[in-house]
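Here are some notes for a colleague who is opening this entry for the first time. They are set out as numbered points, and each can be followed with the structure in view.

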Amino acid sequence: MSEITESVGRLIQELTRLPGIGKKSAERLTYHILRVPMQEALSLAEAIRAVRENVRYCRVCYNLSEREECAICADARRVRDVLCVVEQPRDLIALEQTGKFQGLYHVLLGRIAPLEGIGPEQLTIDALVERVRAGGFTELIMATNPTVEGDGTSLYIANQLSDLSVRITRLARGITSGSVLEFANKEILTDALTGRQAF
Ligand SMILES: [Zn+2]
């Protein structure tokens with residue numbers, strides 16, 4: 001190990017922090033970066049910097065955005081009385097790819113997971129409740145993942161809003177229980193949306 005330079009060691013260590021990257025992969029990536037043209041390597045560094053500096057959460061729905069409001073919230077063609085609640089921006093992208101949902105979204109940025117110490121206050125649930133209480137929505141589609149934690153999160157939200165007249169539905173169970181929305185294919189997600197049922 002003593003022949004690894006300080007900079008090489010540092011990059012390997014940084015890459016090892018990434019999900020799914022072990023020591024071996026981090027080393028492979030580091031030596032790859034050392035071999036590619038300087039411009040290509042710097043372009044990667046610049047992309048990492050830009051994504052962190054430019055991307056923020058939409059102030060309305062918490063989707064990823066490079067402006068105060070995301071492209072969906074700002075789109076006048078969207079149906080504004082149906083709200084779809086998802087755990088992560090990547091779930092929103094999966095649903096958008098079906099092309100079957102025209103309403104608005106609310107991204108929770110996680111799910112309630114007591115065993116990991118994640119409570120409702122760490123998510124965007126307060127903002128969601130406030131948004132729905134402000135009025136204008138006729139239906140709330142709970143599109144959390146069909147896992148114990150996803151279901152529990154939806155139930156918690158439904159309870160918070162039970163005194164309102166807004167209809168609360170959830171995706172049909174075409175998605176196998178325990179599976180994850182972002183990996184479901186378009187057809188399954190479309191069926192889940194069209195076959196949604198009362199919560
Ligand atoms: Zn938005």
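1. The largest cavity in this predicted model has a volume of about 80 Å³. Twelve residues line this cavity, and those closest to its centre are Met142, Thr144, Pro146, Leu171 and Arg173. A search of the whole structure finds one cavity of 30 Å³ or more.

2. The largest pocket, in turn, has a volume of about 680 Å³. Its lining consists of 20 residues, of which Leu11, Leu15, Ile33, Leu44 and Ala45 are the closest to the centre of the pocket. To see where the lining comes from, look at α1 (6–16), α2 (23–35) and α3 (38–54), each of which supplies at least two of the lining residues.

3. For orientation in the chain as a whole, it helps to know that there are seven helices and seven strands, and that from the N terminus on they follow the order α-α-α-β-β-β-α-β-α-β-α-β-α-β. Taken along the principal axes, the C-alpha atoms fill a box of roughly 70 × 35 × 35 Å. The protein chain has 199 residues, and buried residues make up 38% of them. Among contacts between residues at least 6 apart in sequence, 55% join residues that are at least 24 apart.

4. Which residues hold the zinc ion, and in what geometry? The zinc ion is coordinated through the SG atoms of Cys58, Cys61, Cys70 and Cys73, at 2.3 Å, and the site is tetrahedral, with angles of 103 to 118° among its four donor atoms. For comparison, the ideal angle for four tetrahedral donors is 109.5 degrees. Along the chain the donors of the zinc ion follow the spacing C-x2-C-x8-C-x2-C. Within this set, the pair of cysteine 61 and cysteine 73 links distant parts of the chain, since cysteine 61 lies in the loop between β1 (56–57) and β2 (64–65), while cysteine 73 lies in the loop between β2 and β3, twelve residues apart.

5. Cysteine 73 deserves a closer look. Cysteine 73 counts as buried because its relative accessibility is 6%, which is under the 20% limit, and cysteine 61 is buried as well. Leaving aside neighbours within four places in sequence, cysteine 73 is in contact with Cys58, Val60, Cys61, Arg80, Leu104 and Arg131. Threonine 98, by contrast, is 25 residues from cysteine 73 in sequence and 18 Å from it in space, C-alpha to C-alpha.

6. The largest nonpolar core has 40 residues, and those that touch the most other members are Cys84, Val86, Leu95, Tyr105, Val132, Leu140 and Ile157. At least two residues of this core come from each of β3 (82–86), α4 (89–98), β4 (104–107), α5 (125–133), β5 (139–142), α6 (148–160) and α7 (186–194), and β3 gives the most, with five residues. Isoleucine 157 can serve as an example: not counting residues up to four places away in sequence, isoleucine 157 touches Val85, Leu108, Ile125, Leu128 and Met142.

7. Is glutamate 87 buried or exposed? Glutamate 87 is found in the loop between β3 and α4, and it counts as buried because its relative accessible area is 5%. Apart from residues up to four places away in sequence, glutamate 87 touches Val107, Leu108, Leu109, Gly110, Arg111, Thr144, Asn145 and Gly150. The C-alpha atoms of glutamate 87 and valine 107 are separated by 5.6 Å, although the two residues are 20 residues apart along the chain.

8. Finally, two residues merit a check of their backbone angles. Tyrosine 62, in the loop between β1 and β2, has a positive phi of about 70° although it is not a glycine; at 24% relative accessibility, tyrosine 62 counts as partly exposed. Leucine 109, in the loop between β4 and α5, is likewise not a glycine and has a positive phi of about 60°. Leucine 109 is partly exposed, with a relative accessible area of 24%, and it is also one of the residues that glutamate 87 touches.

Terms used
Residues numbered from 1 in each chain as written. Predicted model: local features only at pLDDT ≥ 70, side-chain atom pairs only at ≥ 80, totals over all residues. Heavy atoms only, no water. Core = buried A, V, L, I, M, F, W, Y, C linked by side-chain atoms within 4.5 Å. Buried < 20%, exposed > 50% of the residue type's maximum accessible area, 1.4 Å probe, protein only. Helix = DSSP H or I, 4+ residues; strand = E, 2+ residues; numbered from the N terminus. Contact = heavy atoms within 4.5 Å. Donors = N, O, S within 2.8 Å, 3.2 Å for Na, K, Ca; no water. Tetrahedral: all angles 85-135°; square planar, octahedral: opposite > 155°, others 65-115°. 1 Å grid on protein atoms, 1.4 Å probe; cavity = no way out; pocket = protein on both sides within 12 Å on 5 of 7 lines; lining within 4 Å. Points joined across faces, edges and corners; volume = space filled by probe spheres on them.
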